[in-house]
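Dear colleague,

I am passing on the structure we spoke about, together with some notes on what I found in it. Please have it open while you read.

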Amino acid sequence: MADLVTIMRISVTLLQYDHGIVRQVLDVIGEIVRTHRTSKHMAEMKEMIDFLEQFLDRFHHAKEEKFFFPAALEECPKMTETMNRLVEEHRQARRMIVMALDAVASGDVSKVEERSRELVEHMTRHITEEENHVFPAVENDLREDTDLRIREQYDHFMEEGFGSDYYQTAEAFANEIQDRVLGAGFFKGIA
Ligand SMILES: [Fe+2]
Ligand SMILES: [Fe+2]
């Protein structure tokens with residue numbers, strides 16, 4: 001039975017929690033673009049891309065790059081090449097966020113749609129790879145004391161730069177913007 005035990009690590013669970021919030025916001029952006037309602041929701045598009053600039057780029061990607069990946073590389077070196085590529089994908093995501101914000105500032109609706117679609121596709125692919133391939137491999141190899149150390153580093157990083165209630169603030173933003181743009185319970189209705 002030992003091989004059926006799933007190892008869970010808090011440093012991974014917290015990254016998955018971030019992913020849930022990011023996906024929720026990406027889904028709202030994707031739905032606006034898919035249904036061609038971008039011109040009606042330019043202000044909300046800006047709010048969501050600004051949110052991604054902070055929560056995804058400055059917070060989530062920074063946690064992966066500063067704390068999780070370096071520790072994981074030591075204890076799970078077979079993922080080195082993959083993690084180097086993931087870091088490059090973070091750089092791409094940052095460039096895409098900047099371009100999407102430029103498009104919003106220019107008021108060009110079709111450009112906003114194009115940039116947003118690219119960003120949603122890029123991040124959906126990236127998150128899916130981390131969730132399905134990278135996290136399970138690292139979780140299997142990561143020592144418990146390392147896991148707890150990373151968690152402390154995340155907490156310190158958050159408290160210093162974002163406030164100790166940042167998870168709650170970010171989750172509340174994702175729920176509120178989803179309800180405001182799509183109506184309460186939208187994704188539950190189509191699930
Ligand atoms: Fe990542
Ligand atoms: Fe991630």
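Below I go through the metal sites, then a helix packing, and finally a loop.

Please keep in mind throughout that this is a predicted model, so that every value below is computed from predicted coordinates.

The metal sites

I begin with the iron ion (ligand 2), whose protein donors are His19 (NE2), His60 (NE2), Glu64 (OE) and Glu130 (OE), lying 2.1 to 2.2 Å from the ion. Along the chain these donors follow the spacing H-x40-H-x3-E-x65-E, and the site brings together distant parts of the chain, since His19 belongs to helix α1 (residues 10–34) and His60 to helix α2 (residues 42–75), 41 residues apart. The four donor atoms subtend angles of 85 to 171° at the iron ion (ligand 2), and the arrangement is therefore irregular. Because four donors count as tetrahedral only if all angles lie between 85 and 135 degrees, the upper end of that range, 171°, rules out a tetrahedral label here. Two of these ligating residues can also be placed with respect to the surface: His19 counts as buried because its relative accessibility is 1%, and His60 is likewise buried, with a relative accessible area of 1%.

The iron ion (ligand 1) is coordinated by Glu64 (OE), His90 (NE2), His126 (NE2) and Glu130 (OE), at 2.0 to 2.2 Å. With angles of 86 to 174° among its four donor atoms, this site too is irregular, and its donor residues are spaced E-x25-H-x35-H-x3-E in sequence. Here again distant parts of the chain are linked, with Glu64 in helix α2 and His90 in helix α3 (residues 80–106), 26 residues apart. His90 is buried, with a relative accessible area of 1%.

How far apart are the iron ion (ligand 1) and the iron ion (ligand 2), and which residue bridges them? They lie 3.3 Å apart, and the bridging residue is Glu64, which at 0% relative accessibility counts as buried. Glu130 also appears among the donors of the iron ion (ligand 2) and among those of the iron ion (ligand 1).

Packing of α2 against α6

Helix α2 also packs against helix α6 (residues 166–182), the two axes coming within 12 Å and crossing at roughly 150°. Since angles over 145 degrees count as roughly antiparallel, α2 and α6 are therefore described as roughly antiparallel to each other. The crossing of α2 past α6 is left-handed. The contact involves, on the α2 side, residues including Met48, Phe51, Phe55 and Phe59, and, on the α6 side, residues including Tyr166, Tyr167, Phe173 and Ile177; charged side chains take part as well, among them Glu44, Glu47 and Lys63 of α2 and Arg180 of α6.

The loop between α1 and α2

Two residues of this loop deserve a look. His36, which is found in the loop between α1 and α2, has a positive phi of about 55° although it is not a glycine. Most residues other than glycine have a negative phi. His36 is exposed, with a relative accessible area of 59%.

Thr38 lies in the loop between α1 and α2, but is buried, with a relative accessible area of 0%. Leaving aside its neighbours within four places in sequence, Thr38 is in contact with Ile32, Val33, Met45, Val109, Val112 and Glu113.

With best wishes

Terms used. Residues numbered from 1 in each chain as written. Chains lettered and ligands numbered in written order. Predicted model: local features only at pLDDT ≥ 70, side-chain atom pairs only at ≥ 80, totals over all residues. Heavy atoms only, no water. Donors = N, O, S within 2.8 Å, 3.2 Å for Na, K, Ca; no water. Tetrahedral: all angles 85-135°; square planar, octahedral: opposite > 155°, others 65-115°. Helix = DSSP H or I, 4+ residues; strand = E, 2+ residues; numbered from the N terminus. Buried < 20%, exposed > 50% of the residue type's maximum accessible area, 1.4 Å probe, protein only. Axes fitted to C-alpha atoms, helices over the stretch in contact; angles between N-to-C directions. Parallel < 35°, antiparallel > 145°, perpendicular 65-115°, else oblique. Left-handed = near helix turned anticlockwise from the far one by under 90°. Contact = heavy atoms within 4.5 Å.
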